[in-house]
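Work through the exercises below with the sequence and the 3D view open. Try each task before reading its solution.

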Amino acid sequence: MSTILFEIANNIAFITLNRPDKLNSFNREMSLLLQEKLDQCKNKDVRCVYLGGAGKAFSAGQDLTEVTDPNGPGMHRILGEHYNPIVIRIKKLEKPVIAAVNGVAAGAGANIALCCDIVVAAESASFIQAFSKIGLIPDSGGTHTLPRLIGLQKATALMMLGEKVSATDAEKMGMIYKVFPDDTFETNAKNIADYLAKMPTKGLAYTKQVLSMSYMTRFEEHLHDEDTFQQRAAQTSDFKEGVNAFLEKRTPIFTGE
Ligand code: T3D
């Protein structure tokens, strides 16, 4: 059985971390395969990506047995060849990526989820910055992402204490978008993906890019960036369709072009 399940349906790429007996912890094989599948999401048919975990966990982060394995990749390759290329791919992908956090998300598993564009979680899920407990620092972009989501004070405390945060608390502190009851979680998460996959894909991609640029730019420079991307959005056929549909009082049919 592959460590990553991949399926495209209704313009949504469903990517499932699939090592359920190891709480979907990342080994080299799964990390490289995830990169390969994220690359396949550049395909025009994909207009939204849905990232979830098989079984009871989303992901327990790095497979710690691999770290101690003398035949394993070695600590020095794990960030450079596994996690950094994964989070860069998610950030650069010109479509929305939803993390559907079905269960515990720990270490790199938490930070990969949090670097996605929209993070939803089942009520029984939780988030743990587990790194400090084994003497590591948070990685996979977590030290960049988390303070921006919840503020420096809370991020520092969670990263130093390694405390488990329930999905409900994660939603309250702005770490994630929404929590859904366990029994309707999958349906609700897939409904969001379905909705996004029918929206103006290029407009969403530009939104993602401009938001990401906002971390680096001064306000006036940023207004210029917004202008640049707005001109691009205005040239899409989805923009024309959106305006025409509004004026004609009908539901728009967006093609992603
Ligand atoms: O270069 C580098 O390595 C840097 C990269 C770092 C990236 C990282 O992600 S570092 C952080 C690594 N992750 C952790 O430290 C989390 C370790 N796991 C846990 O703290 C707990 O398992 C959880 C809180 C995630 C879940 O707890 P619980 O009680 O639901 O499950 P459990 O009983 O602890 O685990 C179930 C099984 O999964 C168990 O195996 P067993 O006893 O049934 O054979 C456990 O050992 C295994 N497991 C859980 N997490 C990992 C794991 N096996 C390997 N690696 C894991 N990360």
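The exercises use a predicted model and treat the ligand site, then the sheet.

**Exercise 1.** Find which residues come nearest to the ligand, and which backbone atoms lie by its nitrogen and oxygen atoms.

*Solution.*
1. The ligand has 19 residues around it, and the nearest are Ala-60, Gln-62, Leu-64, Ala-108 and Asp-139.
2. For Gln-62, a backbone N or O atom is 2.8 Å from a ligand nitrogen atom.
3. For Leu-64, a polar backbone atom is 2.9 Å from a nitrogen atom of the ligand.
4. For Ala-108, a backbone N or O atom is 2.8 Å from a ligand oxygen atom.
5. On its own the ligand has 1,100 Å² of accessible area, of which the protein covers 62%.

**Exercise 2.** Sort the shell around the ligand by residue class, and find which helix gives the most to it.

*Solution.*
1. The shell holds 13 nonpolar, four polar and two charged residues.
2. α2 (64-68) and α3 (75-92) supply at least two shell residues each.
3. With three residues, α3 gives the most.

**Exercise 3.** Trace the sheet in its strand order and explain why one side of β1 and of β9 has no neighbour.

*Solution.*
1. The sheet is open and mixed, with six strands in the order β1-β2-β3-β4-β6-β9.
2. β1 (4-9) and β9 (178-180) are at the edges and have a single partner strand each, so one side of each lacks a neighbour in the sheet.
3. From one strand to the next, the twist averages 20°.
4. Inside the sheet, β2 (residues 12-17) and β3 (residues 48-53) run parallel and are joined by six bridges; Ile-12 has Cys-48 as its bridge partner.
5. Helix α1 (residues 28-40) lies across β1, β2 and β3, at about 10° to β1.

Definitions and conventions:
Residues numbered from 1 in each chain as written. Predicted model: local features only at pLDDT ≥ 70, side-chain atom pairs only at ≥ 80, totals over all residues. Heavy atoms only, no water. Near = heavy atom within 4 Å. Polar contact = N/O pair within 3.5 Å; in protein donor to acceptor, adjacent residues only side chain to side chain. Areas by Shrake-Rupley, 256 points an atom, 1.4 Å probe, with all protein chains shown as cover. Helix = DSSP H or I, 4+ residues; strand = E, 2+ residues; numbered from the N terminus. Nonpolar A, V, L, I, M, F, W, Y, C, P; charged D, E, K, R; others polar. Pairing = 2+ DSSP bridges. Axes fitted to C-alpha atoms, helices over the stretch in contact; angles between N-to-C directions. Contact = heavy atoms within 4.5 Å.
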